[in-house]
Every structure is written in C-alpha cells, then in structure tokens.
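Work through the exercises below with the sequence and the model open. Each task is followed by a solution in steps.

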Amino acid sequence: MTSTEDSQKALGYYKHVSLFWTDLLSLMSSRPHSLTATGPLRKLGVNAKKISAEMIEINEQLVEFNNRLTEYYKQLANTWNEAQQQFSKKVPEIPTDAEHIDSSKRIWIDIFENYFTRLFDSTEFAENFGKLVSSELELANHWKNVTSLMLETINMPTKKEIDEIYKELHSMRKRIAKLEKIATSGVTENGK
Amino acid sequence: MASELRIDPKILEEFLQMNKNIFEAPKLVAAPDEISMEMTPSDVVYSEGKMRLLHFNSSVPKQVRTPVLIAYAVINRYHILDIHPQKSWIKNLLEQGLDVYLIDWGTPTEMDRYLGFDDYVNGYMDNCVDFVLNETAVDKLSVQGYCTGGTLSTVYASLHPEKVKNLVLTAPVIDGSRDSTVVANLAKHIDVDKMVDTIGNVPPEFMYYMFSILKPFEQGLEKYVQFFKNIHNKDYVENFIRVEKWLSDTPPIPGELYREWVKNVYQDNLLIKNQMYVANRHIDLKNISMPLITQVAVGDHLVSPECSMPIHYAVSTDDKTMRVYATGHVGMIASSFSQKKVLPELGQWLKERSEK
C-alpha cells in the first residue's frame with residue numbers, strides 16, 4: 001500500500017469517526033436542545049455535522065491545492081534557472097564598461113522574457129494553472145458552504161438564495177424590456 | 001593582500017542619478033489618483049443598469065450625417081480612447097468631422113452576474129443604437145468595436161445588419177484557436193463553468209494576473225526603470241501615469257458573459273466556425289454584408305493578429321479592408337502613431353462610406 005493510499009484511508013477513518021460522534025451526540029441531545037428551537041443554538045447543533053464534513057473536505061482539497069501550487073512555483077523556478085544559465089553563458093561576450101550596461105540589461109530582459117513567454121505558452125503550464133485555479137475554486141466552494149451554514153443558523157440569506165434573487169431579477173428585467181419594446185412598437189410577441 | 005573594488009565611475013554616476021530620481025519622483029510627479037485626465041467633454045444621453053451611452057461634444061462642424069458608435073472592450077475602461085488630448089482617438093474622430101457616441105459598460109456588481117451576450121448585444125447595444133438612430137434621424141450608423149468590444153460588435157452586426165452602415169473592428173477577438181498569446185493559452189485550460197458557478201463575476205485581480213504574464217520583465221520591471229530614468233521628461237512621465245492609471249482600473253466581468261466568451265471564442269471556437277448562438281439566434285458571419293474595416297497590430301501581444309484577421313475572410317461583403325499596423329494593442333489606439341497613421345486612414349474610410 002502506498003503512502004497516499006495510507007493517508008487516504010486514515011483520513012476516511014477520521015471522517016467516519018467524526019461524523020459518527022457528531023451524529024450520535026446530536027441524536028442524544030436532541031430533546032434538551034429542542035428547548036432552544038427558536039434560537040440559533042439548535043440549528044447550529046444540527047449544522048455542526050455539515051460544517052465538520054466541510055472542514056474535513058477542505059483539508060483534502062488543501063492537499064491538491066498545495067500540490068498544484070508547488071508545481072506552479074517549480075515551473076517558475078526552473079524557468080528562472082534556465083534563463084539565468086543562458087544569460088551566464090552570454091556574460092563573457094558582453095563588455096563590462098558603462099557604455100554597455102544598457103545593452104547587457106537588454107540581453108538579460110530578452111532572455112528572461114523569451115524563456116518565460118515560452119513557459120506561459122506551454123501546455124504543461126496552462127494545464128497546471130487550470131488545475132490550480134480549479135482546486136482554489138474547490139476550496140472557495142467549501143468556504144462558501146461553511147459560511148452559508150453559519151448564515152442559515154442565524155436566519156440570514158445565503159449566497160445561493162441571493163443568487164436566486166439576482167437570477168429572478170435578471171429574467172424579470174429581460175421580460176419587462178421585451179414588453180416595453182412590444183408596447184412601443186404596438187405589435188404583439190407574435191408580430192401581429 | 002589588499003583587495004581593490006573597481007567600479008566604472010560612469011556606472012556609479014548612473015546609479016547615483018537613479019537614486020536621486022527615485023528620491024525626487026514624488027516632488028515631480030502627481031499620483032495617478034491626483035491627475036486630471038483632461039477628457040473630451042461628453043453628455044450621458046442614455047443609461048441602463050450600469051451602462052452609459054456618452055455623446056461627445058465637438059467644436060468642429062459635422063462633415064457626415066452617419067454617427068459612429070464605439071463599443072469599448074469589457075476589460076479596463078474606455079479612457080484609453082481619450083487618454084490625452086494629443087493622443088485621443090475620440091478627439092481625433094471629432095476633429096475629422098464625425099459625430100461620436102461611446103458605450104461605457106460601467107462597473108458590474110454581483111447583481112449583474114447573469115448578464116450575457118444576449119444582454120450586451122440585443123439589450124444594451126441595440127438600445128443604444130436605437131437611441132442614436134432616433135436622435136440623429138438616420139437609418140443606419142457606423143459601429144466600431146475595440147478588442148472584446150470588437151467581438152460584441154461582430155455579433156451585433158450579424159444579428160442587426162439592417163442598422164449598421166459600416167463596421168470597424170479594431171483588434172477584435174474572433175478566432176481563439178489561432179490566438180497565439182499566453183492569455184489565450186490559459187483561457188483554453190480554465191474550467192470556466194466551475195469558475196463562474198463558484199465566484200460569479202470574474203474579479204479584476206484575475207485579469208491583473210493575466211496581464212502580469214504578458215511580457216513580465218519588460219512590463220513589470222523595465223517599464224518602471226525607464227519611468228524613473230525619465231522622471232524629468234514631463235511628457236513621458238505624464239503619459240506613463242495616465243496609462244498606468246488606466247491599466248490598474250479594470251471592472252469585474254459579468255460571470256455569464258465571461259462563460260460564453262471563453263467557451264464560444266477560446267475553447268470551442270464557435271464564432272469563426274459560424275456555429276455560435278446568442279439567445280437561440282444563429283450568429284452567421286455571412287450576414288455581415290456592410291463595408292468592413294479590420295485593424296490589427298503586428299506587435300499585439302494581447303490579441304494576436306492571427307486571432308483578428310479571419311473575420312476579413314468570413315464575411316460576405318465585397319467592400320472590406322484590412323489594415324495591418326507596425327505597433328501594439330494600445331499603440332494602435334493611443335499613440336502619436338495612431339494619430340498620424342491609423343486615425344486619418346480610418347476617418348477617410350468612414351467618410352467615404354457615410355451619408356453626407
């Protein structure tokens with residue numbers, strides 16, 4: 001068994017134990033808690049399980065994010081080293097007097113620009129960048145879910161609910177604009 | 001044994017001068033937020049949501065009746081077209097006797113995350129066109145689109161050809177598969193659905209990242225060295241600060257618009273393949289039967305010429321012109337070169353094809 005499989009197994013077990021006890025404690029304490037049904041505490045108790053699951057998944061996702069970020073910095077560092085080596089080869093050919101200081105700077109910029117543009121143009125960089133952004137978005141999603149659960153606890157609108165309103169507003173605006181056009185031109189939607 | 005460090009006195013002198021310039025800079029240069037952009041006076045003649053339609057005031061009599069409506073890009077702001085009185089695209093067109101309107105898309109907020117191509121083209125743009133046609137009492141107008149505004153203008157001209165007399169596309173984003181820029185490379189590998197579903201509007205910071213990988217050493221380092229080196233050159237410094245102010249001010253992009261953009265233009269490349277749909281309406285580039293001028297810059301590292309040029313071959317009009325300029329994306333619209341070469345040619349082209 002590889003170390004990745006080991007850590008996956010350990011994480012899975014930790015997740016199971018954590019969910020088991022939060023579930024059980026929630027069931028065991030549901031009666032006394034119902035006394036506080038009108039306040040946020042009861043809801044927080046129910047949501048605690050979901051929050052705990054989200055936090056575990058955040059940890060899992062952090063591993064993927066860190067891997068992608070490491071690869072990203074590795075690509076940058078390797079390219080920097082290659083460009084620096086190329087520049088070092090050129091150094092002996094460049095005169096060191098003041099008149100040539102600008103031209104040596106120009107050579108340095110051109111070499112680094114070429115190496116880095118080649119990196120940013122490569123499929124390897126773009127693929128890792130895409131996955132890095134995706135893993136960051138996964139993290140953002142988990143944070144959003146945790147925040148939503150906290151907001152639900154205190155009966156505040158969540159991002160999802162606000163988005164639903166925005167979507168509804170957008171569709172209503174379109175409909176109103178269409179109706180206004182029909183009213184102005186004096187024709188129906190069927191063109192009659 | 002005594003060691004001796006030998007430094008060329010000229011290098012030392014340059015180093016000390018640079019330090020002096022850096023120290024003096026705040027006394028010589030206004031901060032970007034303090035400068036006045038001296039923009040061409042305009043009136044907001046129509047607005048809808050965050051979008052505003054500007055009509056520029058001119059002291060020169062109009063030479064033609066057909067007005068020009070500029071659809072600026074959705075990235076950064078329209079100020080680059082009016083960056084300095086001596087380099088202003090708008091002022092130049094006015095001085096050539098043209099009547100100029102411009103769409104400022106404004107700053108979308110989270111509330112605008114569901115705005116897409118349909119809202120921009122068949123909503124905002126079409127309403128602006130109707131307003132201008134009504135106000136100027138003409139049947140058709142000239143539409144100019146810059147950068148991503150060029151894509152919107154292309155889609156508009158395909159869907160509403162009866163309202164467009166002339167189409168001007170300046171560095172338009174058309175064929176993503178041929179775009180050889182680093183931005184296009186990254187756009188092809190992004191999970192755009194996940195991005196929009198998670199964050200809604202695309203934040204300015206993400207766009208700044210995209211800009212930062214374009215010539216990182218030239219733009220991120222050398223540019224600033226040159227700025228401090230030229231700190232006593234008033235024109236250089238003034239121009240630098242204005243462009244920097246413009247570069248650092250980009251609004252968020254509505255999520256749905258970004259999603260459609262990346263998918264239709266960069267990932268699936270549907271626009272140039274004549275397979276793109278907006279609100280269930282087919283974008284047939286053969287509908288573009290009005291005179292067309294496409295302006296591209298060989299040094300454009302944001303929208304490569306290969307990305308823009310295919311539009312010239314995809315349309316049905318016989319009256320089409322392609323101009324290739326030896327400059328860059330911004331140089332084509334806001335430079336002494338554009339004043340001397342690009343704009344006189346455009347003004348002439350427009351006047352020859354406009355209602356007198």
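**Exercise 1. A cysteine in a loop**

Is Cys147(B) buried or exposed? Find its place in the chain and examine its backbone as well.

Solution. This is a predicted model, and the steps below read its coordinates.
Step 1. Cys147(B) has a relative accessible area of 7%. Buried means under 20%, so Cys147(B) is buried.
Step 2. Cys147(B) sits in the loop that runs between β5 (141-146) and α4 (148-159) of chain B.
Step 3. The phi of Cys147(B) is positive, about 60°, although the residue is not a glycine. Most residues other than glycine have a negative phi.

**Exercise 2. Looking for disulfides**

How many disulfides does a search of the whole structure find? Check Cys128(B) and Cys307(B) one by one.

Solution.
Step 1. The search gives 0 disulfides over all chains.
Step 2. Cys128(B) is in no disulfide, and the nearest cysteine sulfur, in Cys147(B), lies 19 Å away. Cys128(B) has 0% relative accessibility and therefore counts as buried.
Step 3. For Cys307(B), the closest cysteine sulfur is that of Cys147(B), at 9.1 Å. A disulfide requires sulfur atoms within 2.5 Å, so the sulfur of Cys307(B) is too far away for a bond.
Step 4. Cys307(B) also counts as buried, because its relative accessibility is 0%.

**Exercise 3. Chain A in outline**

Describe the make-up of chain A and say where its confidence is lowest and highest.

Solution.
Step 1. Chain A has 6 helices and 0 strands. From the N terminus on, the order is α-α-α-α-α-α.
Step 2. Of the 192 residues in chain A, 26% are buried.
Step 3. Take the contacts in chain A between residues at least 6 apart in sequence: 77% of them join residues at least 24 apart.
Step 4. The average pLDDT of chain A is 85, and 90% of the residues score at least 70.
Step 5. Among the elements of chain A, the lowest mean pLDDT, 63, belongs to helix α2 (residues 30-34), and the highest, 94, to helix α5 (residues 123-153). Where pLDDT is low, the predicted coordinates should not be read in detail.

**Exercise 4. An asparagine in chain A**

Where does Asn155(A) lie, and is it buried or exposed?

Solution.
Step 1. Asn155(A) is in the loop between α5 and α6 of chain A.
Step 2. Its relative accessible area is 63%, so Asn155(A) is exposed.
Step 3. Asn155(A) is not a glycine, yet has a positive phi of about 55°.

**Exercise 5. Two helix pairs**

Give the geometry and the contact residues of α6(A) with α3(B), then of α8(B) with α9(B).

Solution.
Step 1. Helix α6 (residues 159-185) of chain A packs with helix α3 (residues 117-136) of chain B at an angle of about 35°, and their axes are 12 Å apart. The crossing of α6(A) and α3(B) is left-handed.
Step 2. On the α6(A) side, the contact is made by His170(A), Lys174(A) and Lys181(A); the α3(B) side includes Asp118(B), Asp119(B) and Asn122(B).
Step 3. The residues of this contact of α6(A) with α3(B) divide into no nonpolar, 3 polar and 6 charged.
Step 4. Within chain B, the axes of helix α8 (residues 216-229) and helix α9 (residues 234-247) come within 10 Å and cross at roughly 145°. The crossing of α8(B) and α9(B) is left-handed.
Step 5. Lys223(B), Tyr224(B), Gln226(B) and Phe227(B) of α8(B) meet residues of α9(B), among them Val237(B), Phe240(B) and Ile241(B).
Step 6. The contact of α8(B) with α9(B) holds 7 nonpolar, 1 polar and 2 charged residues.

**Exercise 6. Two residues in helices of chain B**

Which residues do Leu343(B) and Lys194(B) touch, leaving aside those up to four places away in sequence?

Solution.
Step 1. Leu343(B) belongs to helix α13 (residues 336-352) of chain B. With 0% relative accessibility, Leu343(B) counts as buried.
Step 2. Leu343(B) touches Ser88(B), Trp89(B), Asn92(B), Leu93(B), Gln96(B) and Ser338(B).
Step 3. Lys194(B) is in helix α6 (residues 192-199) of chain B. Lys194(B) is partly exposed, with a relative accessible area of 21%.
Step 4. Lys194(B) is in contact with Ser134(A), Leu137(A) and Glu138(A).

Terms used: Residues are numbered from 1 along each chain as its sequence is written. Chains are lettered from A and ligands numbered from 1 in the order in which they are written. This is a predicted model: local features need pLDDT of at least 70, side-chain atom pairs count only at pLDDT 80 or more; totals for chains, interfaces and linings use all residues. Side-chain values use heavy atoms; hydrogens and water are left out. pLDDT is the predictor's confidence in each residue, from 0 to 100. Helices (H or I, at least four residues) and strands (E, at least two) are DSSP runs, numbered from the N terminus. Axes are lines fitted to C-alpha atoms, for helices over the stretch in contact, and angles run from 0 to 180 degrees between N-to-C directions. A crossing is left-handed if the near helix is turned anticlockwise from the far one by less than a right angle, and right-handed if clockwise. Contact means heavy atoms within 4.5 Å. Ala, Val, Leu, Ile, Met, Phe, Trp, Tyr, Cys and Pro count as nonpolar, Asp, Glu, Lys and Arg as charged, and the others, Gly among them, as polar. Buried means under 20% relative accessible area, exposed over 50%, partly exposed in between (1.4 Å probe, protein chains only).
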